[in-house]
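Student: Please show me the model. I want to ask how its descriptions are justified.

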Amino acid sequence: MRDRAPSLLSQCSPVQQDWSAWLPAAKAEAFDTCVRQLELFYGMFSVSLNEALELRRIGKAVPSCRAIFLAPALCARLALPLEALLHTLGEHAKHFGVVPNTVPLDAANFRGYREQWTARMSDLLSRVLLTQRSQFLHKIDTLEEMVLSIRRNFHEVASDLGRGTSEEPTEDWRAIDNAHFDLNTCLRESIVVLKSFLVVLPNEQLSRFQKTINDHLLARYDEDPAARRRTVLIERE
């Protein structure tokens, strides 16, 4: 599931060209550092969740519930920095006028009903947004809301499964698997957006942007999201 970013792109689109574009050393380092850290968080979450899913598949109900009980914290460890990354991209674009290329979300890349519906609505709205800037900001906001929703729903469902209080365990395990897939899609979409953003980011703004991102990647995953978000806002130069 990890190498899906290129498959999300249309051939010969501006975003595909951004994905293939060369970055100067400083930007390449910023991109690689951010992606490497997010991939680490994703790997921890994915391995833990797949273990729980496999235990359930082979009929070990009690161990699977114990394993899934640990997953919400690992989900948050990925989702919170991802939310912060998306918020930072949006705020920087608003304040500094950075306008990256973007493409609408595709509902076919999601499994959950809510996520598919959100992607369809986002695609429809993007067709009436007249400027590239508004399309980019809309996609960023939609992805951030998706990640937040997936994180909260995952925590609720996985906690019920872990405590053995789920009223519909079969449906809840399916929802957990879908959330894993959809959070991974959001991660891949965010990585593609980050690359397009760095392509057009002025060199003199890189250090400010990179510091903000690094602060969030290294932040405690159980930190209050509202307090953390307030630190994302970037003042005009």
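The exchange below sets values against definitions.

Tutor: This is a predicted model, where local features need pLDDT of at least 70, side-chain atom pairs count only at pLDDT 80 or more, and totals for chains, interfaces and linings use all residues. Residues are numbered from 1 along each chain as its sequence is written, and side-chain values use heavy atoms, with hydrogens and water left out.

Student: How do you know that helix 3 and helix 6 meet?

Tutor: Contact means heavy atoms within 4.5 Å. Cys 65, Ile 68 and Phe 69 in helix 3 meet residues of helix 6, among them Ala 158 and Leu 161.

Student: What makes up the residues of that contact, by class?

Tutor: Five are nonpolar, two polar and one charged. Ala, Val, Leu, Ile, Met, Phe, Trp, Tyr, Cys and Pro count as nonpolar, Asp, Glu, Lys and Arg as charged, and the others, Gly among them, as polar.

Student: What makes the largest cavity a cavity?

Tutor: On a 1 Å grid over the protein atoms alone, a cavity is a set of points where a 1.4 Å probe fits but cannot get out. The search finds two of 30 Å³ or more. The largest has a volume of about 50 Å³, a volume being the space filled by probe spheres set on the points, joined across faces, edges and corners.

Student: Why is Phe 209 called a lining residue?

Tutor: Lining residues have an atom within 4 Å of a point. Phe 209 is on the list for the largest cavity, as are Ala 30 and Leu 194. Helix 8 gives the largest share of that lining, four residues. By class, the lining has seven nonpolar, two polar and no charged residues.

Key:
Helix = DSSP H or I, 4+ residues; strand = E, 2+ residues; numbered from the N terminus. 1 Å grid on protein atoms, 1.4 Å probe; cavity = no way out; pocket = protein on both sides within 12 Å on 5 of 7 lines; lining within 4 Å.
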